[in-house]
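Trainee: Could you take me through one part of this model slowly, strand by strand and helix by helix? I would like to see how the pieces around a single sheet fit together.

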Amino acid sequence: MLLIPLVFALGIGGGVWIGKYFFTRTLSPSEQKLHNILAMIEEEYVDEVNVDSLLETLYPDLLGRLDPHSAYIPASDLQEVTEDLEGSFSGVGVSFQIMNDTVNIIEVISGGPAEKVGLIPGDKILRADTVSLVGANATNERVFKNLRGRKGTTVELEIVRSTSKSPLTFDVVRGDVPVNTVDSHYMVNDTTGYVKVSKFARTTYNEFHNALVSLKMEGAKEYIVDLRGNSGGYMDQAILMAEEFLPAGRMIVYTQGKMPQYQSVAISEDTGHFADSPVVVLTDEFSASASEIFAGAIQDNDRGLVVGRRTFGKGLVQNQTVLPDSSGIRLTIARYFTPSGRSIQKEYKSGSLAEYEAELSRRYARGEFYNVDSIKQDRSKMFTTTNGRTVFGGGGIMPDYFVPEDTLGVTSYYIQVYNSGLIQKYAYKVAGNYREVLKKAKNVAQLKKSLPRDNTLLDGFVEYAAANGVPARWYYINKSRPLILNQLKAIIARDILGYSAFIEILNESDPVMARAVKALAEGESPTVILPADTTATAKKETKRKP
């Protein structure tokens, strides 16, 4: 891989360039003005004021007024906000963002304690034990202090969830939070290998390459790369991953910034080990930044298909600099562009973080998650791929094949038992009761044969739910039957075989996976679905392999 100049990037939900020091220069008139004001406050103000504390309250607002991804990080938080990409830690296993004085869970770390009890992205944390985490109490320092702690200790979290009228409570046992970034890899069928990448950390490329090699040895000739829910991370890892599927001399991504050192181009230096293998990339609205770099490189080079839903739309690069007091700033210093020349950064207004974060909610409200015709692409930002297909910038990566969010089987009964954590609890109960038998299974197929029959499993769950406050309603239970059974089996498999088995079973009833497998089986070529209101040429389908 050739980088001109060399780019290494880090980000939680975005690409970030790591800076190591500041340089000194003469103060501008505005900076001198601020210096004078602070001196006057410190020397002449009627009451004693800690100027340093005063400034600490100003820095976040100052950086936040630039763009949605520039940020100030207090010294007390700097280690915590990045260590999930560096190693492991003991806590509940969630990534969060504070918006409108509310702690919003944006990621539930795969295999971590929070995921095991049923917390999901979008949940809002009201309380940790007796400590309030709303309003003025919603600070990074307070959240970290109360969510992380000694391994084996329990924290009770009170949660607000959009599908529940009243708050929910979850008892989470703190534990080691893993940072493995390839959550699952397995053979979907005799020729198709699947790899799920949850984030882009320091070890991601090595994990990814090892997974591909392992699948190839098992007979894989084509690959599905699942980036759904992947909010980003180290940019160089995405570049290295993309290079595996590209011939030599193909552009992967380029960046443009004000300063020369932030101008860069990444080009595949050698032909990738899997450059002749068909590939499909899975995305959704939570696939961001480094995920979009990978998907964009595959799509713009007409190298493979993108299947799922439109990605988040994060195309800004941040430079993270550690300040002398061990605090830090992430300052946007460049924009990145896909090979066709498109910026996928969605629109934002400086200083309007809440409005920016609400963009996904607006997508949902206008029906974009369910109907491709609800997606409004900007026709002034049309670009062409290597083979002349039309793609759009300014709002994420539009998939070649749109697959709506799956709501089949979601009933009021299902929502109630899911929000109550009863599916997780009953699955762990079954795993415990049958552990001696189930642990003999070496793979998912063997495990499923060792489980109780579907009717027995479902009847036992309904009885358990009724005993825990959710009465049986068989009309809705029968509608939700496949969904409930699939999740019960997946959670049992996770407890017995690990997280990869959990993903494997969930994927068996996943329509996005089904569409990807169909595309590979039928040899569909890279195309792009265009929203109904565009005037661009409609997609054409051929029968050649991508």
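Mentor: Happy to. Let us begin with a pair of strands: E13 and E14 run parallel to each other and are joined over five bridges. To find the register by eye, look for Thr 192, which stands opposite Glu 222 in E14. Bear in mind as we go that this is a predicted model.

Stay with E14 for a moment. Five of its five residues are buried, so E14 is largely enclosed by the rest of the structure. Its side chains split between two directions: Glu 222, Ile 224 and Asp 226 point one way, while Tyr 223 and Val 225 point the other way. Notice that Glu 222 and Asp 226 are buried along with the other three residues.

Now widen the view to the sheet. Six strands make up an open sheet with mixed pairing, in the order E12-E13-E14-E17-E18-E23. Its edges are E12 and strand E23 (401-402), each of which pairs on one side only. Further along that order, strand E17 (residues 279-283) and strand E18 (residues 305-308) pair in the parallel sense, here over four bridges. A handy landmark for this pair is Thr 283, whose bridge partner in E18 is Gly 308.

Next, turn to the helix that packs on these strands. Helix H6 (residues 204-217) has 14 residues and reaches 20 Å from its first C-alpha to its last, close to the 20 Å expected at 1.5 Å a residue. Its buried residues are Thr 204, Tyr 205, Glu 207, Phe 208, Ala 211, Leu 212 and Leu 215. They cover an arc of only 165° around the axis, which puts them on the same side of H6. On the other side of H6 you will find Asn 210 and Met 217, both exposed.

What do the buried residues of H6 pack against? Their partners are strand E12 (182-187), strand E13 (192-197), strand E14 (222-226) and helix H7 (235-243). Just after H6 comes Gly 219, with a positive phi of about 115°.

The nonpolar cores add another layer to the picture. The largest has 51 residues, and within this core Tyr 413 and Phe 461 touch the most other members. Helix H16 (residues 474-497) gives the most to this core, with ten residues. A second, separate core of 41 residues includes Leu 215, Leu 227, Val 281 and Val 306. Leu 215 is one of the buried residues of H6 that we have just met, so you can pick up this second core from there.Finally, a word on confidence. The protein averages a pLDDT of 87, and 90% of the residues score at least 70. Over residues 3-14, however, pLDDT stays under 50, and the model has 55 contacts beyond four places in sequence for that stretch. Residues 528-546 also have a pLDDT below 50, with 54 contacts in the model beyond near neighbours in sequence. Where pLDDT is low, the predicted coordinates should not be read in detail.

How values were computed: Residues are numbered from 1 along each chain as its sequence is written. This is a predicted model: local features need pLDDT of at least 70, side-chain atom pairs count only at pLDDT 80 or more; totals for chains, interfaces and linings use all residues. Side-chain values use heavy atoms; hydrogens and water are left out. The expected span of a helix is 1.5 Å times one less than its number of residues. Buried means under 20% relative accessible area, exposed over 50%, partly exposed in between (1.4 Å probe, protein chains only). The arc is that of the directions from the helix axis to the C-beta atoms. Contact means heavy atoms within 4.5 Å. pLDDT is the predictor's confidence in each residue, from 0 to 100. A nonpolar core is a set of buried Ala, Val, Leu, Ile, Met, Phe, Trp, Tyr and Cys residues joined through side-chain atoms within 4.5 Å. Two strands pair if DSSP finds at least two bridges between them.
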